[in-house]
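Let's take a walk through a protein together, starting with the overall layout and then moving inside. Keep the picture in view as you read.

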Amino acid sequence: MSLAAYRHTQRTAESPRQVEHRVFSQVTAALVDADSRGLSGPQLVTALHRNRELWSALADDCRSPGNRLPDSLRAGIISLALWVDRHSSAVARGEAQVTDLVEINRTVMEGLRPAAAAAAAA
């Protein structure tokens, strides 16, 4: 089986929550790596940009009329996306820490874990 076919199979076998968790994990790992290596400038901005793209996509989805999340949750995600955007700019300018972004992402990832989803449904 080719790598492309394997990746396609992996994506189709994952639930939306699993996909979100995986993407958050990848983006967060890039932030942690950039921070641990002391990156700055374009190398740091690349990781920040990927994180911004993720949060922007989440906010856009929450703004769509077909989104079935509760209004309060949608508003909270949009608010976090705006904070991520502002904080990312501060990090790029050297005025804030990447660790705050990592902590937010890890908190979201914890909520996306299958055990957390089962507990929330119970």
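We begin with the whole chain, then look at two helix pairs, and end in the core.

What you see is a predicted model. The secondary structure of the protein chain comes to 6 helices and 0 strands, so if you follow the elements from the N terminus on, they read α-α-α-α-α-α. Of the 122 residues in the chain, 28% are buried. Now think about which parts of the sequence meet: among contacts with a separation of 6 or more, 57% link residues 24 or more positions apart.

How do we talk about two helices that pack together? Two packed helices are described by the angle between their axes and the distance between the axes.

Try this on helix α2 (residues 16-36) and helix α3 (residues 41-63). Their axes come within 9 Å and cross at roughly 155 degrees. Angles over 145 degrees count as roughly antiparallel, and α2 and α3 are therefore roughly antiparallel to each other. Their crossing is left-handed. On the α2 side, the residues that meet α3 are Val 23, Phe 24, Gln 26, Val 27, Ala 30, Leu 31 and Ala 34. Facing them from α3 are Leu 44, Ala 47, Leu 48, Arg 50, Asn 51, Leu 54, Trp 55 and Leu 58. Sorted by class, this contact has 12 nonpolar, 2 polar and 1 charged residues.

Next, let's see how α3 packs with helix α5 (residues 98-112). Here the angle is about 35 degrees and the axes are 12 Å apart. This crossing, too, is left-handed. From α3 come Leu 44, Leu 48, Asn 51 and Trp 55, while α5 brings Val 98, Leu 101, Ile 104, Asn 105 and Val 108. By class, the contact of α3 with α5 has 7 nonpolar, 2 polar and no charged residues.

Now for the inside. In soluble globular proteins, nonpolar side chains tend to be buried together. In this model, the largest nonpolar core has 26 residues, and the ones that touch the most other members are Phe 24, Leu 31, Leu 44, Trp 55 and Val 91. At least two residues of this core come from each of α2, α3, α4 (71-92) and α5. Which helix gives the most to this core? The answer is α3, with 8 residues.

Finally, find Phe 24. Leaving aside neighbours within four places in sequence, Phe 24 is in contact with Leu 54, Trp 55, Leu 58, Asn 105, Val 108, Met 109 and Leu 112.

Methods: Residues numbered from 1 in each chain as written. Predicted model: local features only at pLDDT ≥ 70, side-chain atom pairs only at ≥ 80, totals over all residues. Heavy atoms only, no water. Axes fitted to C-alpha atoms, helices over the stretch in contact; angles between N-to-C directions. Helix = DSSP H or I, 4+ residues; strand = E, 2+ residues; numbered from the N terminus. Parallel < 35°, antiparallel > 145°, perpendicular 65-115°, else oblique. Left-handed = near helix turned anticlockwise from the far one by under 90°. Contact = heavy atoms within 4.5 Å. Nonpolar A, V, L, I, M, F, W, Y, C, P; charged D, E, K, R; others polar. Core = buried A, V, L, I, M, F, W, Y, C linked by side-chain atoms within 4.5 Å. Buried < 20%, exposed > 50% of the residue type's maximum accessible area, 1.4 Å probe, protein only.
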